[in-house]
Structures are given as C-alpha cells and as structure tokens.
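Here is a short briefing to read alongside the model. Have a look at the ligand and its surroundings, then come back for the notes.

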Amino acid sequence: VKSSRLTYEEKAALQSHPAAKKILEIAIKKKSNLIASLDVSTTQEVLQLAETIGDTIVAVKLHTDIIKDFSEEYVIKLKSIANKKNFLLFEDRKFGDIGNTQQMQFEGGLYKISDWADLITSHVIAGEDSLKIFDSKVGIITIAEMSSSATLTDENYKKRAIEISENISNVIGCVAQSKLPSSLLLFTPGVNLNSIKDKKGQNFNTPEKVFDKNHTDFIIVGRGIYKSTDPKKEALKYQKSGWEAYLKNISI
Ligand code: 6AU
C-alpha cells in the first residue's frame, strides 16, 4: 500500500518556487532534513560552524542581528562556504510590520538581507499585502504557529496564517508545531534530543516525534548543535535521526 505521506522527490515535483525545489533537492542528495540554527554572536563562530557541519545540513539559519561584527566580507565568506558545501542561507528575521517598513528592513540597513538570503521568515500579523513586498526570488517561510509556551498563535491564527501563505506565490512553507493542512512545506524548530524545555518558554520535541506527529519536512536545531562540545558529531546525530524519522514516515 502506498504511503499517504509524500516523499521529498514527490514534493519537489510539486513545487513551483526555485528555493523550495532547491531545499528538497539538497535534502535528497545529502539524505538530510536538518537546518542548523547558528545563533552565535560572532562571524568567526558562524563561519567555523558552517564549515564544520556544512556537509550534514540543508540550510544554515541565522539571526544576523545578534552578530557583533557583521561585515560584507563575512557575507562573501559565508556564501562561498554555502556554495562549496551545498546548503542554503536562511535569515530568520521574522518580519512583522507593514509592507513599507518590511521592504526597507529586507533590502536596506546594514545587512541587506535581500542580497544574500535564499530563505527568510516572516510573520503574517500585518496581513496579506505586507508579504507582497519581498523579492520573488526569496523563499518566504511564514510563522503560522510558535513553539513557545502560551504563544498567541492559536488554531484560528494558524488557519488564517496558512490561508494567507497559500495566496502568496513565493511563500514556500510555514513554521509550525502541528500538521499543515496544506501542500506548503513544514519547518519545525524546538527540536532537541536531550531537553524538553528551556527556562525561557521554549519547548522541545525529538526529530522522531515531529515527523510522526506533525509530518514535518525540515527540523531546525539550534542549541542542540551549536552549544555542543562536538558540533560535528551532534549534527551527524540529528541528521541521522531526522532522516530515519523521515524514512519511517514515508513507509507507513
Ligand atoms: O533549538 P533552539 O531552541 O536553540 O533554537 C530554535 C531556533 C531559534 C528560534 O528563534 C527559532 O528556532 N524558532 C522559530 C523560527 C525558526 O522561526 C519559531 C518558533 O516558534 N520557535 C523557535 O525556536 O533560532
């Protein structure tokens, strides 16, 4: 009996946006659904981690505004590692303003996110028009539901967020903590093999659980990797556990 859950190959064939196709192709090639969130504060740490774990991941997720020594040279170096190791650059900016402001934040300022990011996150709190200002080349991942305790993203919010996401052609997926009733790709943060929560509201699940329960497509791991004493070993562990969870999922 054929599984009702689509393989990455089947999903790739359904995608129209190049960034969606690309991340699925990398997943298939590397046997990985792991996105590493490198939430560190210096460019040196980002570059070192990207080089060390680059072979195991489909994308590096960044919070560029926590970096102390951002420079254009850093972007050039990071891009070159991303090309060499074949992963995407994902800026987790979580835009959440009116379109006019978001456009300036996306294209301008120090970071010029539009120059280098393959993927970005955006809230949908300001409504559909606010999402229409992003360059059509960038893949948008909307925040439909958050991982933190007592988040305001309830069922109704999530439903509306998904409806909006489906209307914007360069939205490739959503961040959420439950199944998506949609063909959008699902990205799941709050993944950790050793903790169930932190002391600041974050909740964690294992890769196996987010595949089994939520049918996720990509796991996002932050502290589980970059805080580890051996990030390479840990990244391999998450890569393996995410891939096994995916294989189990499509065989059901
Ligand atoms: O594994 P952690 O908890 O160290 O890191 C999780 C990463 C952080 C958060 O900013 C981000 O994932 N995140 C997001 C994203 C990706 O948008 C949404 C959310 O609901 N929860 C969450 O933790 O960089």
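This is a predicted model, so a good place to start is the ligand. A polar side-chain atom of Arg 223 sits 2.7 Å from one of the ligand's oxygen atoms. The ligand on its own would expose 510 Å², and the protein buries 92% of that area.

**Around the ligand**
- The ligand is surrounded by 16 residues, of which Asp 39, Lys 61, Ser 147, Gln 202 and Arg 223 come nearest.
- By character, this shell splits into 6 nonpolar, 5 polar and 5 charged residues.
- Ser 147 places a polar side-chain atom 2.7 Å from a nitrogen atom of the ligand.
- Ser 37 has a polar side-chain atom 3.1 Å from an oxygen atom of the ligand.

**The pocket and the annotated active site**
- If you are looking for the largest pocket, it is the space taken by the ligand.
- An unreviewed UniProt entry lists Asp 92, Lys 94 and Asp 97 under "active site".
- Of these residues, Asp 92 and Lys 94 are included in the lining of the largest pocket.
- Asp 92 also belongs to strand 3, which runs over residues 88–95.

**The annotated domain**
- The unreviewed UniProt entry carries the annotation "domain: Orotidine 5'-phosphate decarboxylase" for residues 33–238.
- Helix makes up 34% of residues 33–238 and strand 18%.
- The C-alpha atoms at the two ends of residues 33–238 are 9 Å apart.

Terms used:
Residues numbered from 1 in each chain as written. Predicted model: local features only at pLDDT ≥ 70, side-chain atom pairs only at ≥ 80, totals over all residues. Heavy atoms only, no water. Near = heavy atom within 4 Å. Polar contact = N/O pair within 3.5 Å; in protein donor to acceptor, adjacent residues only side chain to side chain. Areas by Shrake-Rupley, 256 points an atom, 1.4 Å probe, with all protein chains shown as cover. 1 Å grid on protein atoms, 1.4 Å probe; cavity = no way out; pocket = protein on both sides within 12 Å on 5 of 7 lines; lining within 4 Å. Sits in = over half its atoms within 2 Å of the grid points. Nonpolar A, V, L, I, M, F, W, Y, C, P; charged D, E, K, R; others polar. UniProt positions renumbered as here; feature names shortened; annotations may be inferred. Helix = DSSP H or I, 4+ residues; strand = E, 2+ residues; numbered from the N terminus.
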